[in-house]
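Please open the structure in your viewer and keep the selection tool at hand. The stops below are visited one by one.

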Amino acid sequence: MTFAATILTLYPEMFPGPLGTSLAGKALERGDWSCATVNPRDFAADRHRTVDDTPAGGGAGMVLKCDVMAAALDSVPQGRPILAMTPRGKSITQARIRELAASPGVTIICGRFEGFDERLFEARPEIEQVSLADIVLSGGETAAIAILDACIRLLPGVMGAASSGTEESFEDGLLEYPQYTRPQEWEGRTIPEVLRSGDHAKIAVWRKSKSQEITRLRRPDLWERYESVRDQSASGARRKNKEPDQ
């Protein structure tokens, strides 16, 4: 099954962009995924192909028109998740990326200017407002490329080793452990002895410990969430063990 991506963008020439190279590019050539673009300007009613207007109530910038954006959206295949890239959206997670990658595809609406007329979301509640990070970009295209890349690499056969998709940061709620490779010694620094021991059980313990340490120090928000989930799991296991036999 081909993962079908449709992008609503004022700059269709930006796609597939970097997704046409490396693993994503090879997957595109194989037909593992497809990339189609829709330009909202094609749905504008006036001869100037106007897609934006001044903000109601005044203020700087321009706002994407709800009627034009809705017409563009209604033209694409239905039944797939619809994401609107906006800094007002909910931060996307690796768990959501996995859900998207397992779906038939995704439609992504790229924001520009001061954003969207809010009535677009009121009239099309199936739209999921998504943010890539706590940053503001010139438009949603670069964020859309990042999200598509995250999905495409999880498609069957795209990555060489199946474990490459699971032993990553965020997959189990933790940042990834440190990685090393040859040479064994470089500028007086050596690869940790445990990684050269050949003892896979000890290596697994070391990696888990390092993941926990790095997450706790660098991302206290992730660490707090990880501990909460771990505590809930432990509590559930204890309750289960205390249940009397039926």
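Select glutamate 187 and switch on the molecular surface: glutamate 187 counts as exposed, because its relative accessibility of 57% is over the 50% cut-off. This is a predicted model, and each stop on the tour is a place in that model. Glutamate 187 sits in the loop between S8 and strand S9 (189-190). Check its backbone angles next: phi is about 50°, a positive value, although the residue is not a glycine. For background, most residues other than glycine have a negative phi, and most peptide bonds are trans.

Now go to arginine 49, in the loop between strand S2 (33-38) and strand S3 (52-53). What is the sign of phi in arginine 49? Phi there is positive, near 55°, and this residue is not a glycine either. On the surface, arginine 49 is partly exposed, with a relative accessible area of 36%.

The next stops concern peptide bonds. Select arginine 182 and proline 183 together: the bond that joins them is cis, with omega about 10°. Proline 183 belongs to the loop between helix H5 (141-152) and strand S8 (185-186).

Finally, select phenylalanine 15 and proline 16. Which kind of peptide bond, cis or trans, joins phenylalanine 15 and proline 16? The bond is cis, and its omega is about 0°. To place this stop in the chain, show strand S1 (3-8) and helix H1 (22-30); proline 16 lies in the loop between them.

Methods
Residues are numbered from 1 along each chain as its sequence is written. This is a predicted model: local features need pLDDT of at least 70, side-chain atom pairs count only at pLDDT 80 or more; totals for chains, interfaces and linings use all residues. Side-chain values use heavy atoms; hydrogens and water are left out. Helices (H or I, at least four residues) and strands (E, at least two) are DSSP runs, numbered from the N terminus. Buried means under 20% relative accessible area, exposed over 50%, partly exposed in between (1.4 Å probe, protein chains only).
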